[in-house]
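Colleague: I have a few quick questions about this one before I go further. Could you pull it up and walk me through it?

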Amino acid sequence: MKAIVFTEYGSPDLLQLKEVAKPAPKDDEVLIKVHAASINSWDLEFQSGMFVNRLLFGLFKPKPEKQILGADIAGTVETVGKKVTRFQPGDEVFGDLWDSWGGFAEYACARETALELKPAHSTFEEAAAVPQAGVLALQGLRKTGQIQPGQRVLINGAGGGVGTFAVQLAKLIGTEVTGVDSTQKLEVIRSIGADHVIDYTQEDFTQNGQRYDLILDVHGFRSMFDYRHALSPNGTYAMVGGAVPRIFQALFLGLWGSITRSQKFRLVAEGPNKGLADLKELIEAGKVVPIIDTVYKLSEAPEAFRHFGAGRHKGKVVICISSDFS
Ligand SMILES: NC(=O)c1ccc[n+]([C@@H]2O[C@H](COP(=O)([O-])OP(=O)(O)OC[C@H]3O[C@@H](n4cnc5c(N)ncnc54)[C@H](OP(=O)(O)O)[C@@H]3O)[C@@H](O)[C@H]2O)c1
């Protein structure tokens with residue numbers, strides 16, 4: 001089968017389209033014919049050799065079984081292992097293969113727990129855009145953020161993968177939503193329902209006197225103490241991702257908040273795919289729509305990675321695997 005392979009850490013130029021062996025599913029796995037996969041920041045961080053990923057997946061070069069990137073996939077089940085009970089050949093599925101990877105390929109294996117049936121009327125490209133970003137947005141608002149109707153919610157990084165799901169979900173729950181991102185993303189953030197937008201290149205939302213009941217932060221790279229000015233006295237800050245020192249700061253402030261019963265600082269850490277079934281229902285009901293910036297062919301993966309890395313994408317960047325070979 002064809003796959004995008006990386007044998008050393010570095011730039012997207014090192015991604016190669018290669019012929020590799022088709023994987024075989026273990027007893028608790030299914031073999032999926034992958035039709036589409038989407039890029040997440042984790043793919044880029046792993047490919048570039050960010051230290052934490054080296055510890056997990058190979059210090060000097062990626063381990064042989066981790067040399068095909070791609071966690072978010074949508075495709076058709078081809079065969080199932082002996083212990084698989086939830087799926088059968090022909091089922092159309094989607095999910096986040098965060099522990100096995102291997103999605104930028106014609107075939108991938110996945111544990112059945114990583115998968116749900118694809119939303120009925122979605123294309124494979126739309127479904128592949130959902131798992132990691134949609135789940136983080138849902139978890140960040142629902143469990144971590146404890147979102148309530150009528151609240152004032154701010155999404156920082158609202159125009160990217162997680163943000164475009166978060167804006168739609170927060171509006172569905174009946175909150176007043178402010179989306180923060182760069183100039184060229186404000187139009188799409190408005191188009192998916194945000195009540196207010198803030199261009200972070202022009203205005204610092206922590207310094208404008210506004211206060212929010214919930215801040216969902218996709219881009220936690222600044223001091224956590226800044227956010228305290230923008231949170232209501234009992235408000236919640238929910239961090240999806242950011243710099244490691246900022247994660248420790250959020251943990252410290254979280255501990256402080258639980259002692260003083262004041263502002264809460266929390267990390268979004270419920271685990272992959274938890275909530276994916278709820279997202280499937282919302283998408284089938286037409287209440288949430290995946291926002292796709294660009295669809296690339298598998299052979300164009302280096303270009304897709306460069307585009308994602310430049311940060312100009314609105315919503316998700318998707319790779320259509322079947323378009324190269326059909
Ligand atoms: N909690 C978990 O378990 C978990 C798991 C996986 C990933 N993550 C995290 O999820 C995040 C990835 O989110 P994503 O897929 O939505 O990424 P994304 O598509 O790249 O979106 C990030 C958005 O943030 C915007 N941005 C950049 N600088 C900003 C600033 N200073 N202020 C406000 N917005 C800014 C970017 O726009 P511009 O580039 O135009 O500025 C972009 O629209 C990462 O933080 C990652 O670490 C968390």
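Colleague: Is I259 buried or exposed?
Modeller: This is a predicted model, and in it I259 is exposed, because its relative accessible area is 62% and the cut-off for exposed is over 50%.

Colleague: And where does I259 sit?
Modeller: I259 is found in helix α8, which covers residues 244-260; I259 is listed there with P245, F248 and L255 as exposed.

Colleague: What about the other side of α8, which residues are buried there?
Modeller: Those are Q249, A250, L253, G254 and G257, and they line one face of the helix, because seen down the axis of α8 they fall within an arc of 145°.

Colleague: Why would they line up like that in general?
Modeller: An α-helix has 3.6 residues a turn, so residues three or four places apart point the same way.

Colleague: What do the buried residues of α8 pack against?
Modeller: They pack against α7, residues 224-227, together with the strands β12, residues 231-239, and β13, residues 264-267.

Colleague: How does the span of α8 compare with what its length should give?
Modeller: With 17 residues at 1.5 Å a residue, α8 should span 24 Å, and its end C-alpha atoms are 24 Å apart, so the two agree.

Colleague: Back to the surface: which residues make the nonpolar patch?
Modeller: F225, F252, L255, W256 and I259 make a nonpolar surface patch of about 570 Å², and the largest share, 4 residues, comes from α8.

Colleague: Changing topic, where is V240, and is it buried or exposed?
Modeller: V240 is found in the loop between β12 and α8, and V240 counts as buried because its relative accessible area is 17%, where the cut-off is under 20%.

Colleague: Which residues does V240 touch, leaving its sequence neighbours aside?
Modeller: Leaving aside neighbours within four places in sequence, V240 is in contact with L136, V162, L216, D217, V218 and V268. As for R228, it is 12 residues from V240 in sequence and 17 Å away in space, C-alpha to C-alpha.

Colleague: Last thing, the backbone: which residue after α8 has a positive phi?
Modeller: That is R261, which follows α8 and has a phi near 55°. W101, in the loop between β5 and β6, also has a positive phi, near 55°, and is buried at 2% relative accessibility. N273, in the loop between β13 and α9, has a positive phi of about 70° although it is not a glycine, and N273 counts as buried at 11% relative accessibility.

Colleague: Why flag those?
Modeller: Because most residues other than glycine have a negative phi.

Note on methods
Residues numbered from 1 in each chain as written. Predicted model: local features only at pLDDT ≥ 70, side-chain atom pairs only at ≥ 80, totals over all residues. Heavy atoms only, no water. Helix = DSSP H or I, 4+ residues; strand = E, 2+ residues; numbered from the N terminus. Expected span 1.5 Å × (residues − 1). Buried < 20%, exposed > 50% of the residue type's maximum accessible area, 1.4 Å probe, protein only. Arc of directions from axis to C-beta. Contact = heavy atoms within 4.5 Å. Patch = residues over 30% accessible without salt bridge, like charges linked within 9 Å, V, L, I, M, F, W, Y side chains within 5 Å. Areas by Shrake-Rupley, 256 points an atom, 1.4 Å probe, with all protein chains shown as cover. Salt bridge = Lys/Arg side-chain N within 4 Å of Asp/Glu carboxyl O.
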